Amino acid sequence: MRSLVLLPFLGLCGAISTLPAATDLRIDGLDPSIYSDPWKVGLMLAVDTPNPVFSWSIPPPPTGQRGVQVAAVRVIVQLMMGRCSYDGNTSSPCTAWDSGAVKTTHTHLRYEGPPLVPSRRFCYSVWWQSNKGTWAPVSEHACFETGVSDWGKSVWIGDDHLNQLRKEVTVPEALMELAVGARIYASGLGWAQIFLNGQRISYNESLGVGWTRYDKRALYTTYSVLPLLRRGTNAIGVALGYGWRDTLYFPPKFAYDSGSGYTAKALRLILSLQMSNGSWVDLAWTDSSWKGVLGPVVFDSVYDGEVYNASREQPGWTEANFNQSAWTPVADISNEGWAVSTTMRAQAVPPIRNLAVLAAVKATAVGTGHFIYDFGHDLSGYCRVTLPNYHVPKNTTFTIRHAEALIHPPYGTYGVNNSFLYYENLRSALATDKYTFSGNEIPGQVWEPTFTYHGFRYAEVTGWPCPDPKSCTPPDIKLVHIRTAIDVTGRVNTSEPLVNAIQRMVVGAIGSNAMSVMTDCPQRDERLGWLGDVHASAQTIELNYDIRAFMDQYLEIIVDDQNPTLGTIPDVVPYYRYGGMPGDPSWTTAFPELLWSRYRLGGTLVPYGKHREALFKLLQHMTATVTNQGGFGNMTDWGYYGDWVPAKAADKPSILYTSAASYISALRKSYLMATAYGDTELAKEYIATYKKMRKCFLDTFFSTKTYAFENGGQSAQAIGLDATEISVKEGLAEAYQVLMHRVGDDDYKLTVGVLGNKVIWDQLANSGNHTALNKLLKQTLYPSFGYMHTNNIEPATVNLWELWDAPAEGPGMDSRNHHMFASVGAFLYRYAGFSGLENNPPAIDLKVGGCCGGLSSGSVQTKLLHGTVKFSWDLSPATKASSANVTLPSGVGAILHIPIPHKETCTIRLYDHESLIFSGRIKSSTSKLSISDVDGIMEARVEKASRSLLLRIASGEFKFSMESNLWIPHGPGVDPNM
């Protein structure tokens, strides 16, 4: 069938080549490979956007081929129905859309064909043409389904006293003979487990659908279920948990009509059969004929945990012909207004899944049936318990409590007064799971909670049934780590172990807080979508994770929470429990920051194009706020939080200052996005407003005598430098000196809060004097990232503290797993040599030796829209040599900087894959190097300011090595500008 694809296509457009086919095909950023196939049972990839965006990656061309760029693409979408199977033949009646050859350098294309029919399966493949005129082979095809548009007779049903719901349905034999597919479309709120004929169809998910403003949209998932359907009687069972719908813990902060009632546990579902002619027949739907009961989960809470009474289990309740005579009819709750939305949207993020299972590194008996478990890492998840292989009497209960730390001073003494774990930083969250035996357990049976999760490293088990109190061994309990199934796509590894440790802490903290939205923490009575946290971490998240679909859906939810008239956005999204409206400007400008990150690092303006009006409304309101009060100098306050939790409170800049800086920074980035998008008039308005507000900011907060921004502290100085990008004429060098001196005066210890931490590292790097930066980054005394990792009280491994001195703080706000300080992670890429990225066309700035000295080797990997970039390097003082390996996907170029000796004259020998490409003397006056007939190297010259060899290279694989008669002073502890 492949020839049927290639011949009509390549006959029109070009010759067959050895270029690699596109890979990693996505639909709206979603990876089809993590979803089920239609002939199996499981979660399907379904989208309900009318014009989905197709994207793909392009591997590096084969060895020996370099400089390959994307010049054009062609996408063919085909309907999979009846006799249609994907063949890519453009003349096929199954073809829904043929884009034709589209001239572009991008690796994504929006669907522009006829409206996609709902509840259908489509597949697409892509060809791409190089700048040399040849076309790559066709890619493998990727498939998706369109969402359901008509929910038919289904209504919202629910009763908070009933958490197990069921319905039996008869499927006639005549229908089954004509069936080619079957789907369950379900929205179980807050969280749900779904069963058909005794089998859990949501088996590869944890918790349930993602968090939204439930009055604005309800997310649903699609399941393929044909292999489970039977002729005759079938049974659907759904277990429901409160999740984020529990208003006791998550009261809505937005206005709503409380008089219309509210049921937290709600379900809307359709079971539908697809006929061979493409039509659908609804077999079952939620209505008041469903029956319910309170099952074994007698209590569940995000914060407080789960209570499970196995005596309430009813075996067979998810199977057909079950006796449900004692079950209660479930109410139709469609009239509850704000509580249940009529806007049903396909979940556009990967599900929350079990991604790792950790055995305890230590289990200690501290009493009869009383054990302390240490799992070695602080993660989001729950405990999986293997029940005893001996009989346990009915109504016996054991309890598991979860904590991030052992008891230690100043909280107490371990073991004294039977106290072992530190719970006070959980505040009101109980974080406690309980299991009560039925007496009928199967030996070795496994139990784990269903509708809760915790953030913990330690677990305390009490009440474990011991047949012999004198020899009771710790039971088999493991930590199950769950989070949204976004792939880790970034890597940083260097010769500095502490830098590598910080990278692991950053990636872990982000992961434990990716719970359908980016929460602030996974353990206490909060776990909310604080925008200030994601504002700080946005670029780090983009570099380390495949965040496309996840962040795009979060942007949608932010807009749901935006005031449609004023344009204001709250501090917390979704807007429950805490936060203000309008939010702190440094929190609400997370919206433009996320759009900027998706463009700057994600390589796409699609989110900006979708939300440009919402962005304009936000900035328009902020501009009016400043203008109506006569400028920053006449304002007394603006915001609530500012540079949150600084290490040195006395150095915290005013909240007005940080709000103003966040605002003008958002204006500048919005101008750049509008320009790139082609919004000429809007770009003019943004830049005019930026220049006006920047001048106002400098007039108000910058001293032309001392060159200090506001109080001149680490945060104030770094934030001001970042927001204004002052010129040399305006005092850039002097302002950098203020920052350098301040860091030195602070004994090379951080004093910053969350906003200062976001920018100080780049500003120290930009200053050109990197001694302070290296001392600060490698600091292990309090306060520092090194102290978080190396302290002997609570060493962080895959987590970041909320407070710089967490082990000495509390009780109260003192999380050990916050991602708001993860912004340092974006800088680590620059530190290791990945210094910058331009998007049109894609080009990366790579530096052997890293940006700032202090390393002898480094490697970086990150995934761009075009594909994965890999860069590794090494400096060897013993041999006076350096090496650099670079892998660039097709369509991506780079500027590679290789340091050379800082002397008037030196001799170098440069190799590419062991072939000598240059040998000779370089003087301080040398500009260009004569490198001829080397494919993929477009330019070679000496960069005098940084004393480095600059190679402008195209896509492909490069393996450079350089030898010199002199040592290159760019190793550990050495300033590259000496």
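## Contacts around Gln 717

Contact here means that heavy atoms lie within 4.5 Å of each other. With that in hand, we can start with Gln 717 in this predicted model. Leaving aside residues up to four places away in sequence, Gln 717 touches Tyr 707, Ala 708, Phe 709, Gly 712, Ala 735, Val 738 and Leu 739.

Gln 717 sits in helix α11. Is Gln 717 buried or exposed? Gln 717 has a relative accessible area of 0%, and because buried means under 20%, Gln 717 counts as buried.

## Helix α11 and its surroundings

Let us widen the view to the whole helix. Helix α11 runs over residues 714-724 and is mostly covered, with ten of its eleven residues buried. Alongside Gln 717, the buried residues of α11 include Gln 714, Ser 715, Ala 716, Ala 718 and Ile 719. Gly 720, Leu 721, Ala 723 and Thr 724 are also among them.

Which helices do the buried residues of α11 pack against? They pack against α9 (655-677), α10 (680-701), α12 (732-745) and α13 (754-766). Just after α11 comes Glu 725, which takes a positive phi of about 50°.

## The pair α7 and α8

Next, have a look at two other helices. Two packed helices are described by the angle between their axes and the distance between the axes. For α7 (residues 590-600) and α8 (residues 606-628), the axes come within 10 Å and cross at roughly 155°. An angle over 145 degrees counts as roughly antiparallel, so α7 is roughly antiparallel to α8. The crossing in which α7 passes α8 is left-handed.

On the α7 side, the contact is made by Phe 591, Pro 592, Leu 595 and Arg 598. From α8 come Pro 607, Tyr 608, His 611, Ala 614, Leu 615 and Leu 618. By type, the residues of this contact divide into eight nonpolar, one polar and one charged.

## Arg 213, a buried residue in a loop

Our last stop is a loop. Arg 213 lies between β14 (199-200) and β15 (218-224). Its relative accessibility is 7%, so Arg 213 counts as buried.

Which side chains make polar contacts with the side chain of Arg 213? One is that of Asp 215, at 2.7 Å. Another is that of Asp 561, where the polar contact is 2.6 Å. Asp 561 also appears in the list of residues that Arg 213 touches, together with Phe 254, Asp 560, Pro 574 and Tyr 576, when residues up to four places away in sequence are not counted.

How values were computed. Residues are numbered from 1 along each chain as its sequence is written. This is a predicted model: local features need pLDDT of at least 70, side-chain atom pairs count only at pLDDT 80 or more; totals for chains, interfaces and linings use all residues. Side-chain values use heavy atoms; hydrogens and water are left out. Helices (H or I, at least four residues) and strands (E, at least two) are DSSP runs, numbered from the N terminus. Buried means under 20% relative accessible area, exposed over 50%, partly exposed in between (1.4 Å probe, protein chains only). A polar contact is a pair of N or O atoms within 3.5 Å; within protein, one must be able to donate a hydrogen and the other to accept it, and residues adjacent in sequence count only if both atoms are side-chain atoms. Axes are lines fitted to C-alpha atoms, for helices over the stretch in contact, and angles run from 0 to 180 degrees between N-to-C directions. Angles under 35 degrees count as roughly parallel, over 145 as roughly antiparallel, 65 to 115 as roughly perpendicular and the rest as oblique. A crossing is left-handed if the near helix is turned anticlockwise from the far one by less than a right angle, and right-handed if clockwise. Ala, Val, Leu, Ile, Met, Phe, Trp, Tyr, Cys and Pro count as nonpolar, Asp, Glu, Lys and Arg as charged, and the others, Gly among them, as polar.
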